[in-house]
Amino acid sequence: GAPKKSIQLGAEVVEVTPQLRSRYKLPDASGVMVVDVEAGSVAESMGLQQGDVILEVNRKRVTDIKVWENAANARTKTIVALVWREGSTFFATFEK
């Protein structure tokens, strides 16, 4: 079936599948890929871009889309995401 989709914090993401991994040459790791970012959203202020892969959020591996949704909706003041972009990784942080 189609990969699972979710919109959180203004970022539309899909769960990384083997097909997505080979098409976009993504890292061999679980995560969610950003397919769209709303202007003026939390995701945009975090610096997220289309094609980014969120590998970890708040020190938890993003094994599926639920991990990302739970972190995005948690009551924590800070979100720290480990993001893969074009072969390198960086941390994107946002204070709610």
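Modeller: First, a term: a salt bridge is a side-chain nitrogen of Lys or Arg within 4 Å of a carboxyl oxygen of Asp or Glu. What you see is a predicted model, where local features need pLDDT of at least 70, side-chain atom pairs count only at pLDDT 80 or more, and totals for chains, interfaces and linings use all residues. Residues are numbered from 1 along each chain as its sequence is written, and side-chain values use heavy atoms, leaving out hydrogens and water.

Biologist: How many salt bridges does a search of the whole structure find?

Modeller: Side chains of opposite charge can pair when their charged atoms come close. Search the whole structure for salt bridges and the count is three.

Biologist: Which residue forms a salt bridge with lysine 66?

Modeller: Look in helix 3, residues 65-73; helices (H or I, at least four residues) and strands (E, at least two) are DSSP runs, numbered from the N terminus. An α-helix has 3.6 residues a turn, so residues three or four places apart point the same way. The partner of lysine 66 sits three residues away in helix 3, about one helical turn. The closest N and O atoms are 3.6 Å apart, and that partner is glutamate 69.

Biologist: Is glutamate 69 buried or exposed?

Modeller: Buried means under 20% relative accessible area, exposed over 50%, and partly exposed in between (1.4 Å probe, protein chains only). Glutamate 69 has a relative accessible area of 16%, so it is buried.

Biologist: Which residues is glutamine 8 in contact with, leaving aside its neighbours within four places in sequence?

Modeller: Glutamine 8 belongs to strand 1 and counts as buried because its relative accessibility is 14%. Contact means heavy atoms within 4.5 Å. With those sequence neighbours left aside, glutamine 8 touches Trp68, Glu69, Ala72 and Asn73.

Biologist: How far apart are the closest N and O atoms of arginine 85 and aspartate 52?

Modeller: This pair links distant parts of the chain, 33 residues apart: arginine 85 is in strand 6, and aspartate 52 is in the loop between helix 2 (42-45) and strand 4. Arginine 85 is partly exposed at 22% relative accessible area, while aspartate 52 is buried at 1%. In their salt bridge, the closest N and O atoms are separated by 2.7 Å.

Biologist: And which residue's side chain meets glutamate 12 in a salt bridge?

Modeller: This partner is exposed, with a relative accessible area of 58%. The N to O distance is 3.3 Å, and the residue is lysine 5.
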